[in-house]
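Welcome! Have the sequence and the 3D view ready, and work through the exercises below at your own pace.

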Amino acid sequence: MSALNGLLSSFHLNATIFHRSLVCDPWSTDTSGSGFASFHLISSGKAFLFCDDYQAEPLTAGDLVIFPHDSPHIISHSPDKQTAITTDGFVAYPFSNNTPHSAGLMCGYFDFKEDSSHPVIAQLPSCILIKSQQNQGVLASIIESLILEVTLGVQARDIILSRLSEVFFLSLLRQLSTEDKTQVGLFRALQDTKMAKVLQAIDNNLAAPWDLNSLANVGGYSRASFINHFKNYLDTTPQEYLSQLRLSKAKKQLIRGDAVLKVALDVGYSNDVSFAKAFKRYFGYGPGVCRANSSSS
């Protein structure tokens, strides 16, 4: 299994669809502030995007926008920013209506939970715009399926739209990982043969007693060179990265109800005391609290 496959297979991703309808001019929406990564699909008509990276960017049917860090944004019927700002909300109609001067809009969010601070998420840009004319292969097919499902109107199912959205996001990560000039440091690291060996080794045996020397040896680096290359790619130290992966995996096991000592040993800690200290330092509460909360929910 490649390091990317390992990442995607263990990644927590849950999509929720909270709006789908035709919206009639005039309309605007800003769904930021939830703490989740929101996304918007234009299924028909047109719209304009306003955010830090785009000003009055035209959106047409098949365009999809993702805000991985819950950044402020406006999507509106108007290319005029002041009009977009002052237009409050929208009137929604069923997709079955033949409503003039309207756009098809589906909105949702991704909840990454304990993986929200993972480098692959932390290094994503504030806005990802996927234009329909740029899509090919799997991504194009998934967006086409999303549009077909959402335009079923009352027959459409949010669970299907949610699962399609999750597959889309995972497919997008795979595409970003193969781009020659990808901006995601983790993906650049995976394109580096030596660093990919290190990340693969960590993924294959997360609980191994890794230290800087053993990890550097896997990739054929000197200790100093390894630390510099790793930080340049992932903007963190090897120890911090390893700890983050271990504690994120530990939290998932605790939520499932595994005993604290078992979890500690499974993710590479020699005892539950050192594990509990690391867990509380990272999450702000102890593993026992996490386990108790999961059993009572």
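## Exercise 1: The open sheet

In this predicted model, four strands form an open sheet in the order β2-β7-β4-β5, with antiparallel pairing. Work out which strands stand at the edges.

**Solution.**
- Step 1. Look for strands with a single partner: these are β2 (28–29) and β5 (55–60).
- Step 2. Each of β2 and β5 has just that single partner strand, so one side of each is left without a neighbour in the sheet.
- Step 3. Now go to β5 and its partner: strand β4 (residues 46–50) runs antiparallel to β5 and is joined to it by five bridges.
- Step 4. For one facing pair, find Phe 50, which stands opposite Gln 55 in β5.

## Exercise 2: The length of a helix

Check whether the span of α7 agrees with its number of residues, then find which of its residues are buried.

**Solution.**
- Step 1. α7 has twelve residues, and at 1.5 Å a residue it should span 16 Å, a figure reached by multiplying 1.5 Å by one less than the number of residues.
- Step 2. The end C-alpha atoms of α7 are 16 Å apart, which agrees with the expected span.
- Step 3. Buried residues have under 20% relative accessible area. In α7 they are Met 195, Ala 196, Val 198, Leu 199, Gln 200, Ala 201 and Ile 202.
- Step 4. Look at what covers these buried residues: α1, α6, α8 (212–219), α9 (223–234) and α10 are included.

## Exercise 3: One residue of α6

Is Arg 188 buried, partly exposed or exposed? Once you have decided, find what it touches.

**Solution.**
- Step 1. Locate Arg 188 in helix α6.
- Step 2. Its relative accessible area is 30%. Partly exposed covers the range between under 20% and over 50%, so Arg 188 is partly exposed.
- Step 3. Leave aside the neighbours within four places in sequence; Arg 188 is then in contact with Thr 182, Gln 183, Asn 232 and Tyr 233.
- Step 4. Compare sequence and space: Arg 188 and Thr 178 are ten residues apart in sequence, and their C-alpha atoms are 8.7 Å apart.

## Exercise 4: Two pockets

Describe the lining of the largest pocket, then do the same for the second largest pocket.

**Solution.**
- Step 1. The largest pocket holds about 390 Å³ of space. Its lining has 22 residues, and Gly 6, Leu 7, Ser 10, Asp 203 and Leu 245 lie nearest its centre.
- Step 2. At least two lining residues come from each of α1 (3–10), α6 (185–191), α7 (193–204) and α10 (238–256). The largest share, six residues, is supplied by α1.
- Step 3. By type, this lining has twelve nonpolar, six polar and four charged residues.
- Step 4. The second largest pocket has a volume of about 280 Å³. It is lined by 19 residues, with Ile 128, Leu 129, Leu 172, Leu 176 and Glu 179 closest to its centre.
- Step 5. β10 (128–130) and α5 (158–178) each give at least two residues to this second lining, which divides into eleven nonpolar, five polar and three charged.

## Exercise 5: A cavity

How many cavities of 30 Å³ or more does the whole structure have, and which residues line the largest cavity?

**Solution.**
- Step 1. The search finds one cavity of 30 Å³ or more, and about 30 Å³ of space lies in the largest cavity.
- Step 2. Its lining is made of Cys 51, Asp 52, Phe 67, Ser 71, Pro 72, Ser 126 and Cys 127.
- Step 3. Sorted by type, these residues are four nonpolar, two polar and one charged.

Note on methods:
Residues numbered from 1 in each chain as written. Predicted model: local features only at pLDDT ≥ 70, side-chain atom pairs only at ≥ 80, totals over all residues. Heavy atoms only, no water. 1 Å grid on protein atoms, 1.4 Å probe; cavity = no way out; pocket = protein on both sides within 12 Å on 5 of 7 lines; lining within 4 Å. Points joined across faces, edges and corners; volume = space filled by probe spheres on them. Nonpolar A, V, L, I, M, F, W, Y, C, P; charged D, E, K, R; others polar. Pairing = 2+ DSSP bridges. Buried < 20%, exposed > 50% of the residue type's maximum accessible area, 1.4 Å probe, protein only. Contact = heavy atoms within 4.5 Å.
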